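Reader: Hi! Could you take me through the salt bridges in this structure and show me where the partners sit?

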Amino acid sequence: MSNSVTVPSLWDESKAARLDEPGLLLYRSNLLGADLRITNFGGGNTSAKVAAKDPLTGKDVTVLWVKGSGGDIGSMKLDGFATLYQDKLDSLKGLYTSLEQEDAMVHALNHCIFNLNPRAPSIDTCLHGYVPYRHVDHVHSDAVIAIAASDDAEKLTRDVFGGEIGFLPWQRPGIDLGIKLGEMARQNPGYVGVVLGSHGLFTWGNSAKESYDTTLRIINKAAVWLDNNRRKPAFGGEKVSALPEAERRAAALRLLPEIRGRISKHERKIGHFVDTPDVLDFVNSAMLETLAPLGTSCPDHFLRTKIRPLILPHDADGAALDRLIDGYRADYAAYYERCKHPDSPAIRDPNAVIYLIPRVGMLSFAKDKSTARIAAEFYVNAINVMRGASGVSAYRGLPEQEAFNIEYWLLEEAKLARMPKPRSLAGRVAFITGGAGGIGSAIASKLLSEGACVVLADIDQASLNEVTEGFAKSYGKDNVRGVRMDVTSEDAVIAAMNETALAFGGVDIVVNNAGITISAPVEDTTLELWNRNQAVMGAGYFLVGREGYRLLQRQKLGGSMVFICSKNAVAASPGASAYCAVKAAELHLARCMALEGAPHGIRVNVVNPDAVLRGSKIWQGPWRQQRAASLKITEDDLEEHYRKRSLLQRSVFPEDIAEGVYFFASDLSSKSTGNFLNVDAGNATSFTR
């Protein structure tokens with residue numbers, strides 16, 4: 001076999017020997033789900049029929065363990081499996097008489113639940129339960145789907161697999177397909193699996209290891225056969241050539257915010273950019289205009305990527321984008337009207353998910369970063385399927401009405417209704433300077449917890465790496481990026497804002513937080529000290545504010561900018577003239593930007609902290625010593641001094657500043673701009689006046 005197209009076995013006998021039957025099922029599932037060539041994220045399912053004691057009778061019963069609804073076999077745990085009495089599941093066949101009962105039979109699965117397991121069974125449950133083997137795998141291998149989605153899929157199945165794999169034409173999953181699959185397996189004892197037309201692969205065995213080995217063997221057999229028999233070059237060869245990488249990035253950077261702004265009026269979207277060789281092969285090919293409109297074949301691919309992608313020229317201007325995006329929406333609405341049933345759910349978001357750009361690559365947009373990334377991965381799966389199918393036959397997408405019936409299936413609608421309500425900042429992107437410091441990281445944590453994607457910018461690479469890695473573990477690596485940036489460098493600020501747009505599609509929240517603190521009496525304040533304050537907190541706030549403002553303007557979605565100033569922006573302190581002066585400048589810059597931003601829906605507000613010692617980098621250096629000396633107290637007494645100085649007699653922490661930023665970043669303050677909020681436990685000298 002060719003190592004370049006085959007999937008290696010990762011089975012470890014020493015590990016497997018220590019596992020019980022449910023443990024072996026989980027082990028097998030995680031191995032299969034770890035490779036996108038075997039199945040896509042969230043796609044496919046696995047099962048095992050396991051002997052257990054009935055908790056009601058104490059008798060031995062057979063329990064079907066099968067991946068529950070909405071899970072992912074690559075990352076799931078044991079609690080991701082639904083468990084059902086096998087005999088009760090079998091009894092449903094006696095109740096089933098016609099296709100009109102399909103949805104009712106899915107609801108009837110709830111009467112088969114074993115041991116009060118709360119995990120909901122999926123629509124594929126009967127396909128596993130009715131196969132007369134203990135272990136069953138269902139995967140969406142690109143190689144097998146390429147055969148299943150070919151115009152002569154049944155013939156190819158025989159040619160590739162001989163008499164060990166059967167074929168069933170396309171049918172929506174449910175009890176009827178489960179009965180047919182079980183009968184085919186029962187009547188053909190030489191079969192080790194079945195190809196489902198336009199859908200995927202079912203394989204089975206009498207042990208977890210046998211099932212795993214069979215799944216890999218069949219996938220690899222298909223992959224090698226396709227590699228040896230497909231016509232080359234793929235997709236009829238190259239029609240246009242790819243731009244150099246720098247130019248592809250530049251095109252993506254131009255298009256991402258423009259598209260995001262046009263499709264996020266009702267729900268904010270996060271973008272994702274891919275220009276891998278397989279994507280470029282497809283978007284630059286002679287067959288792009290023929291294949292792309294056919295859409296995807298596998299239901300899992302389709303549900304993630306919509307009825308079809310939108311093809312865009314890499315140099316499309318605003319007028320062209322308006323025309324093409326509006327045209328896609330109109331086409332989608334017409335598709336809905338053609339295919340809807342009397343009880344169909346209302347039309348959903350009519351915007352494309354996948355955007356194919358010849359010479360550049362592919363963009364995807366979704367309600368969050370992980371969904372956008374996964375949608376792109378699914379479309380790469382679809383590209384691989386189209387490559388395989390068109391290389392040995394003719395590719396065939398899912399028929400339009402069947403696609404609609406899957407997309408607007410009432411059971412799918414019920415699944416969507418069970419999804420948790422989006423968090424308050426879902427779909428929004430925040431850019432935070434000084435992000436690795438105490439206040440910056442507290443702000444990031446708050447915004448991440450409310451559903452935002454966050455870019456942390458900081459000059460301290462070591463701290464930046466540590467904080468970013470910590471947030472990736474807590475909130476998911478899709479949702480956070482770290483970028484080293486010197487706020488005094490115009491080029492660095494522009495590059496960092498570009499990285500934000502390339503990673504997420506744009507920006508919605510800009511937090512100017514980076515700062516330094518150097519204290520000295522005015523007579524001892526050198527020009528270098530003065531200029532250093534002005535560079536970091538004057539020019540730095542201006543550069544970040546300007547670049548964030550420019551990106552917000554391009555999207556035409558409004559947005560929020562928050563400047564972290566200081567009590568010293570409105571109340572002077574002795575021995576800190578350079579610091580106080582630049583903080584006052586920050587405050588006034590924010591007010592000026594609020595005036596200019598208002599017609600564009602861009603709000604600019606200020607949070608003024610005071611004496612935030614805990615976790616703050618500015619209190620870890622000379623500033624701490626200088627303030628203690630100025631106040632004629634010890635460094636250890638500083639926090640207590642500031643606490644007692646406040647009207648409320650309370651210390652101020654980074655998390656308190658984060659709450660103020662969240663207020664201004666969120667819709668809670670949608671009618672506030674040009675304001676400042678003191679978070680200082682009460683300091684009469686800084687009262688608003």
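Author: Happy to help; what follows is a walk through the salt bridges, with a short look at a pair of helices at the end.

A word on the model comes before the details. This is a predicted model, in which local features need pLDDT of at least 70 and side-chain atom pairs count only at pLDDT 80 or more, while totals for chains, interfaces and linings use all residues. Residues are numbered from 1 along each chain as its sequence is written, and side-chain values use heavy atoms, with hydrogens and water left out.

Side chains of opposite charge can pair when their charged atoms come close. Here a salt bridge is a side-chain nitrogen of Lys or Arg within 4 Å of a carboxyl oxygen of Asp or Glu. A search of the whole structure finds 34 of them.

Let's begin with lysine 53 and aspartate 60, whose closest N and O atoms are 3.0 Å apart. Both lysine 53 and aspartate 60 are exposed. Exposed means over 50% relative accessible area, buried means under 20%, and partly exposed lies in between (1.4 Å probe, protein chains only).

Next come arginine 387 and aspartate 281, a salt bridge with its closest N and O atoms 3.9 Å apart. Arginine 387 belongs to helix 15 (residues 369-392) and aspartate 281 to helix 11 (residues 277-283), so this pair ties together parts that are 106 residues apart in sequence. Helices here are DSSP runs of H or I with at least four residues, numbered from the N terminus. Arginine 387 is buried, at 14% relative accessible area, whereas aspartate 281 is partly exposed, at 42%.

Glutamate 490 and arginine 546 form another salt bridge, and their closest N and O atoms are 2.7 Å apart. Glutamate 490 lies in helix 20 (residues 490-504) and arginine 546 in helix 21 (residues 527-555), so the pair ties together parts 56 residues apart in sequence. Glutamate 490 is partly exposed, with 38% relative accessibility.

Salt bridges can also share partners: Glu258, Arg262, Asp322 and Arg554 are joined into one network in this way.

Now for the two helices. Helix 10 (residues 245-263) packs against helix 14 (residues 318-339) at an angle of about 45°, and their axes are 11 Å apart. Axes are lines fitted to C-alpha atoms over the stretch in contact, and angles run from 0 to 180 degrees between N-to-C directions. Helix 10 and helix 14 are therefore oblique to each other, a word for angles that are not under 35 degrees (roughly parallel), over 145 (roughly antiparallel) or 65 to 115 (roughly perpendicular).
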